[in-house]
Amino acid sequence: MDDTRISVAFTLNGRSVRAEVEPHRSLLWLLREHFDLTGAKEGCGVGECGACTVLVDGRAVNACLVLAGKAEGRDVVTVEGLGGAEALHPLQEKFVDKGAVQCGFCTPGMLLSAKALLDRNPRPTREEIRVALSGNLCRCTGYNQIVDAVHAAARIGGGGEAPR
Ligand code: FES
Ligand code: FES
């Protein structure tokens, strides 16, 4: 195996970080294996399921498809950066309230896709929410509670300016 490593410096959940990584590694691998941030999951590994969704410069991306080196100079946010047990993000709060929390595999990616949506569109319609979450597959739900949760989070200012 090629032992050559590259250095990657970026912002991770608000903190400046640096890592040495083999050039072929994905951003998902870097986050999980190097930084021990296991919220983003490897479902399919080929860009189909959205379980690996993270935010890069505010955009929801499939971390399994992004080379780790592409994080250089970027702002990366994982579900661990959203909020914690003591201070839930409005999206997390509403996912709990509305019974939208599914398995740990799909929920982190759903939350981050929803955050990217609310940050650019603080008052999305239900249809816009469905479109934004269309890259996040869950085989176990009809998505209604998830759409309800994102809609409710928008009403309490889950992203960008507070909705009226
Ligand atoms: S693991 Fe990345 S899209 Fe499925
Ligand atoms: S894939 Fe997570 S609950 Fe269905």
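Here is a short conversation about how to read this predicted model.

Visitor: Where should I begin: how many helices and strands does the protein chain have?

Guide: A good start is to list the elements and then follow their order. The protein chain has 5 helices and 5 strands. From the N terminus on, they run β-β-α-β-β-β-α-α-α-α.

Visitor: What does the radius of gyration tell me about the protein chain?

Guide: You set the value beside the one for a compact globule. With 164 residues, such a globule would have a radius of gyration near 15 Å, and the protein chain has 16 Å, so the two agree. The C-alpha atoms fill a box of roughly 50 × 30 × 25 Å along the principal axes.

Visitor: And what percentage of the contacts joins residues 24 or more positions apart?

Guide: Among contacts with a separation of 6 or more, such residues account for 55%. Buried residues, meanwhile, make up 45% of the 164 residues. As for the outside, the accessible surface comes to about 8400 Å², and 48% of that belongs to carbon and sulfur atoms.

Visitor: Let's go inside. Which residues have the most contacts in the largest nonpolar core?

Guide: The general idea comes first. In soluble globular proteins, nonpolar side chains tend to be buried together. Here the largest nonpolar core has 25 residues, and those with the most contacts inside it are Leu91, Phe95, Met110, Leu118, Ile146 and Val150. H2, H3 (107-120) and H5 each supply at least two residues of this core. Its largest share, 7 residues, comes from H3.

Visitor: How many residues are in the second core?

Guide: This second core is separate and has 22 residues, including Leu12, Val17, Leu27 and Leu30.

Visitor: May we try single residues? Is cysteine 52 buried or exposed?

Guide: Look at the relative accessibility: under 20% means buried. At 3%, cysteine 52 counts as buried. You will find cysteine 52 in the loop between helix H1 (27-34) and S3. Leaving out residues up to four places away in sequence, cysteine 52 touches Leu28, Ala40, Lys41, Val61, Asn62, Ala63 and Cys64. You can also compare sequence with space: cysteine 52 and threonine 107 are 55 residues apart in sequence, and their C-alpha atoms are 10 Å apart.

Visitor: Where does threonine 78 lie, and which residues does it touch?

Guide: Threonine 78 lies in the loop between S5 and H2. With a relative accessibility of 2%, threonine 78 counts as buried. Again setting aside residues up to four places away in sequence, its contacts are Leu12, Asn13, Leu31, Leu37, Val54 and Leu112. One of these, Leu12, belongs to the second core.

Visitor: Now for charges. How many salt bridges does a search of the whole structure find?

Guide: Side chains of opposite charge can pair when their charged atoms come close. The search finds 5 salt bridges here. One of them joins the side chains of aspartate 57 and arginine 74, at 3.1 Å from N to O. Aspartate 57 is in the loop between strand S3 (53-56) and strand S4 (59-62), and arginine 74 is in the loop between S4 and strand S5 (75-77), so the pair ties together parts that are 17 residues apart in sequence. Aspartate 57, at 43% relative accessibility, counts as partly exposed, and so does arginine 74 at 38%.

Visitor: Which helix holds both aspartate 97 and lysine 94?

Guide: Both lie in helix H2 (residues 90-97), 3 residues apart, which is about one turn of the helix. Their side chains meet in a salt bridge of 3.2 Å, N to O. Lysine 94 is buried, with a relative accessible area of 15%.

Visitor: Which parts of the chain does the pair of arginine 126 and aspartate 148 link?

Guide: These side chains meet in a salt bridge of 2.8 Å, N to O. The pair links distant parts of the chain, with arginine 126 in helix H4 (residues 126-132) and aspartate 148 in helix H5 (residues 144-155), 22 residues apart. Arginine 126 counts as partly exposed at 35% relative accessibility, and aspartate 148 counts as partly exposed at 28%.

Visitor: One last feature: which residues make the nonpolar surface patch?

Guide: Leu88, Val96 and Val101 make this patch of about 250 Å². Leucine 88 is in the loop between S5 and H2, and at 40% relative accessibility leucine 88 counts as partly exposed.

Definitions and conventions
Residues are numbered from 1 along each chain as its sequence is written. Chains are lettered from A and ligands numbered from 1 in the order in which they are written. This is a predicted model: local features need pLDDT of at least 70, side-chain atom pairs count only at pLDDT 80 or more; totals for chains, interfaces and linings use all residues. Side-chain values use heavy atoms; hydrogens and water are left out. A salt bridge is a side-chain nitrogen of Lys or Arg within 4 Å of a carboxyl oxygen of Asp or Glu. Helices (H or I, at least four residues) and strands (E, at least two) are DSSP runs, numbered from the N terminus. Buried means under 20% relative accessible area, exposed over 50%, partly exposed in between (1.4 Å probe, protein chains only). Patches are made of residues with over 30% relative accessible area and no salt bridge: like charges are joined within 9 Å, nonpolar side chains (Val, Leu, Ile, Met, Phe, Trp, Tyr) within 5 Å. Accessible areas come from the Shrake-Rupley method with a 1.4 Å probe; for residues, only the protein chains shown count as cover. A nonpolar core is a set of buried Ala, Val, Leu, Ile, Met, Phe, Trp, Tyr and Cys residues joined through side-chain atoms within 4.5 Å. The radius of gyration is taken over C-alpha atoms; the globule rule is 2.2 Å times the number of residues to the power 0.38. Contact means heavy atoms within 4.5 Å.
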